[in-house]
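Morning, everyone. I have one structure to walk you through today. Please have a look at it before I start.

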Amino acid sequence: MDKISNYEDDSGALHNVESFVLDKLLTQNASDGGPSVNIGELMDSLDPNMSPLFDQAIEDLIAQSLIYSSDGENFQIAQEGINELENRRKEAIPL
């Protein structure tokens with residue numbers, strides 16, 4: 001039973017990290033500073049409690065074609081990522 005609750009907690013935390021990354025990339029995309037964010041900047045702005053899931057979140061977002069990087073260091077959000085973030089923002093918040 002503990003494994004199930006831990007999986008749900010990890011899955012929710014991973015979802016939160018993914019949403020954070022998408023949000024950060026969308027914000028950067030809309031700014032005058034250019035459309036990409038360096039991976040170091042993303043890591044520095046992440047809550048330290050979420051850091052262990054960061055690599056997995058990046059890999060999952062790339063695999064889903066929601067973000068991309070031409071050099072492995074600077075990431076941009078894809079149109080699919082913008083759509084996904086909008087869908088996540090519409091999700092019901094559990095009470």
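I'll go from the overall layout to the sheet, then a helix, a loop and the core.

First, a caution. This is a predicted model.

Let's begin with the layout. The protein chain holds four helices and three strands. Read from the N terminus, the order is α-β-α-α-β-β-α. The protein chain has 95 residues, and 27% of them count as buried. Its accessible surface comes to about 6300 Å². Carbon and sulfur atoms make up 49% of that surface.

Now contacts along the sequence. Take the contacts in the protein chain with a separation of 6 or more. Residues 24 or more positions apart account for 61% of them.

On to the sheet. In what order do the three strands lie? The order is β1-β3-β2, in an open sheet with antiparallel pairing. The edge strands are β1 and β2, and each of these pairs on one side only.

Here are the pairings. Strand β1, residues 37–38, is joined to β3 by two bridges. In that antiparallel pair, Val-37 has Phe-75 of β3 as its bridge partner. Strand β2, residues 67–68, also pairs with β3 through two bridges, again antiparallel. There, Ile-67 is partnered by Ile-77 of β3.

β2 and β3 form a hairpin with five residues between the strands. In that hairpin, Gly-72 takes a positive phi near 80 degrees.

Stay with β3, residues 74–77. Which residues are on its covered face, and which on its uncovered one? Phe-75 and Ile-77 are on the covered face. Asn-74 and Gln-76 are on the uncovered face. That fits a general pattern: in a regular strand, side chains alternate between the two faces of the sheet.

Next, helix α3, residues 54–63. Its buried residues are Phe-54, Ala-57, Ile-58 and Leu-61. Why do these four count as lying on the same side of α3? Because they cover an arc of only 100 degrees around the axis. The face turned away from that buried side carries Glu-59 and Ala-63, both exposed.

Just after α3 comes a residue to look at: Ser-65. Ser-65 sits in the loop between α3 and β2. Its phi is positive, near 60 degrees, and Ser-65 is not a glycine. As a general rule, most residues other than glycine have a negative phi. Is Ser-65 buried, exposed or partly exposed? Its relative accessibility is 43%, so Ser-65 counts as partly exposed. The cut-offs here are under 20% for buried and over 50% for exposed.

Last, the core. The largest nonpolar core has 21 residues. Which of them touch the most other members? They are Val-21, Leu-22, Leu-25, Leu-42, Phe-54, Ile-58 and Ile-67. At least two residues of this core come from each of α1 (2–30), α2 (39–45), α3, β3 and α4 (79–90). The largest share is from α1, with six residues.

Take Ile-58 as one of those well-connected members. Leave out residues up to four places away in sequence, and Ile-58 touches Val-21, Leu-42, Ile-67 and Phe-75. We have met Ile-58 already, on the buried side of α3. Phe-75 was on the covered face of β3. Ile-67 was the bridge partner of Ile-77.

That's the tour. Thanks for listening.

Methods
Residues are numbered from 1 along each chain as its sequence is written. This is a predicted model: local features need pLDDT of at least 70, side-chain atom pairs count only at pLDDT 80 or more; totals for chains, interfaces and linings use all residues. Side-chain values use heavy atoms; hydrogens and water are left out. Buried means under 20% relative accessible area, exposed over 50%, partly exposed in between (1.4 Å probe, protein chains only). Contact means heavy atoms within 4.5 Å. Accessible areas come from the Shrake-Rupley method with a 1.4 Å probe; for residues, only the protein chains shown count as cover. Two strands pair if DSSP finds at least two bridges between them. The arc is that of the directions from the helix axis to the C-beta atoms. A nonpolar core is a set of buried Ala, Val, Leu, Ile, Met, Phe, Trp, Tyr and Cys residues joined through side-chain atoms within 4.5 Å.
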